[in-house]
Amino acid sequence: MNAFSCRTLRGNKTFPYISIQNHQIVFSPRWGTVNDIGFLSAASVAEEEISTACVFHSVHGHVIVPTNGNIINNELVLVQEYSPGSGAKRFPAFMVDISSCKLLSECRTQKGSGWEKWSLVIAPIGFAKNIADQFVNKRDVLGEIIHVRL
Amino acid sequence: MKFFEIPFPGQKPSEYHNQNGYVIVGEAGRGRSKAHVPIIGEGINYQVKKTTAGIILYADEEICSEKRCLCLINTVGEYDRRRTYDIFDCTPGQIRIIESGNHAFGTAGMTNSGPEFLAIVEAGTEFRLNSKYTSHWYIWDGIEWKIETPAERQCRLAIKAAYSEEGEWL
């Protein structure tokens, strides 16, 4: 059983936890309209900000189980990619190359101005910080896909 | 058995209140079909009788211990020309339809439509109803109805699988 450190990545910000509500990672996008609320992952706890966790895989999806284990091989990152909608179009879109990560699940908005795509991935240690440091969140900066820079 | 109704996909089933002395299934008009099922007596415990003339419901005040229930299920949500309305993902034999009608949209009733059912639902039945943008799962456990979204259902099943170790640790 591997323990992962949990990160939430959104633009140039990273948070050292993944938020859980009602036993699941809640998909609450800011841009776009959600038609059919997707499912990212379940959690064994009802409400918590999980910083270290193990991941269980079943045919019905993944379950995040908080742990106090010290063996951290990789990061479990909730990548919140987005393109701003009406009123914030001059701000850059945040897009990430996750080809080097193991994708567990993803949800996206389907219509409306702007869009969001949230992906739960297992990434190498330092992935979230590396991406966040490269993203420039300023007006009139062109949005582009950010790759991990080693 | 108890009598419930699902007036609209996404709404929690509520107990049916007999007001007219009959149950209306479906609606009248072009592209639609409507059926009346008479109710004899008053009460919360219903029995279904099939006669040569049609279905009759008998109601009385006896305490109901049956795990099956009678349910009026309207499968039709808001108008969307591409959305399909019906009962989905139900195990065959769990729902016994005793009367059906039809709801449609528009004066001519040609744009989109879907059925309404009066059915006997067995304990342990699960099925899904579409609404305009999403869908909901309905579960009758023999005592009460539960309703959940696909995400809530997937979450529940994933946690259940984790507790029974039907999978693997990453």
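Which residue is the bridge partner of B:K49 in β6(B)? The bridge partner is B:I56, and the strands β5(B) and β6(B) that pair here do so in the antiparallel sense over 7 bridges. This is a predicted model, in which local features need pLDDT of at least 70 and side-chain atom pairs count only at pLDDT 80 or more, while totals for chains, interfaces and linings use all residues. Residues are numbered from 1 along each chain as its sequence is written, chains are lettered from A and ligands numbered from 1 in the order in which they are written, and side-chain values use heavy atoms, with hydrogens and water left out.

**Chain B overall**

- Chain B has 1 helix and 14 strands; helices (H or I, at least four residues) and strands (E, at least two) are DSSP runs, numbered from the N terminus.
- Along the principal axes, the C-alpha atoms of chain B fill a box of roughly 60 × 45 × 25 Å.
- Of the 170 residues in chain B, 44% are buried; buried means under 20% relative accessible area, exposed over 50%, and partly exposed in between, with a 1.4 Å probe and protein chains only.
- Among contacts in chain B between residues at least 6 apart in sequence, 57% join residues at least 24 apart, where contact means heavy atoms within 4.5 Å.

**Sheets and helix of chain B**

- In chain B, 4 strands form an open sheet in the order β3-β4-β6-β5, with mixed pairing; two strands pair if DSSP finds at least two bridges between them.
- At the edges of this sheet stand β3 (22-26) and β5 (45-51) of chain B, each with a single partner strand, so one side of each is left without a neighbour in the sheet.
- The twist averages 25 degrees from one strand to the next; axes are lines fitted to C-alpha atoms, for helices over the stretch in contact, and angles run from 0 to 180 degrees between N-to-C directions.
- Another open sheet of 4 strands in chain B follows the order β8-β11-β12-β13, and its pairing is antiparallel.
- Its edges are β8 (87-88) and β13 (145-148) of chain B; each has a single partner strand, so one side of each is left without a neighbour in the sheet.
- Strand β12 (residues 135-140) of chain B pairs with β13(B) over 4 bridges in the antiparallel sense, and the bridge partner of B:I139 in β13(B) is B:K146.
- Helix α1 (residues 150-163) of chain B lies across β11 (125-130), β12 and β13 of chain B, and runs at about 105 degrees to β13(B).

**A loop residue of chain B**

- B:C64 is placed in the loop between β6 (54-60) and β7 (69-74) of chain B.
- Residues up to four places away in sequence not counted, B:C64 touches B:M1, B:K2 and B:N45.
- The C-alpha atoms of B:C64 and B:I44 are separated by 7.8 Å, with the two residues 20 apart along the chain.

**Nonpolar cores and strand β11 of chain A**

- The largest nonpolar core has 21 residues, and those with the most contacts inside it are A:I18, A:I25, A:I64, A:L76 and A:L120; such a core is a set of buried Ala, Val, Leu, Ile, Met, Phe, Trp, Tyr and Cys residues joined through side-chain atoms within 4.5 Å.
- β11(A) gives the most to this core, with 3 residues.
- In β11(A), 8 of its 9 residues are buried.
- β11(A) pairs in the antiparallel sense with β8(A) over 9 bridges and with β10(A) over 6 bridges.
- A:V121 in β11(A) stands opposite A:V77 and also opposite A:L103.

**Aromatic pairs and a charge over a ring**

- The structure holds 14 aromatic pairs over all chains; rings of Phe, Tyr and Trp (its six-membered ring) pair if their centres lie within 6.5 Å, and planes under 30 degrees apart count as stacked, over 60 as edge-to-face and the rest as tilted.
- The rings of A:F27 and A:W118 have centres 5.2 Å apart and planes at 85 degrees, so the pair is edge-to-face.
- Both A:F27 and A:W118 are buried.
- B:F3 and B:Y16 form a stacked pair, 4.4 Å centre to centre with 25 degrees between the planes.
- B:R153 lies over the face of B:W137, at 3.6 Å from the ring centre; a charge sits over a ring if NZ of Lys or CZ of Arg is within 6 Å of the ring centre and within 35 degrees of the ring normal.
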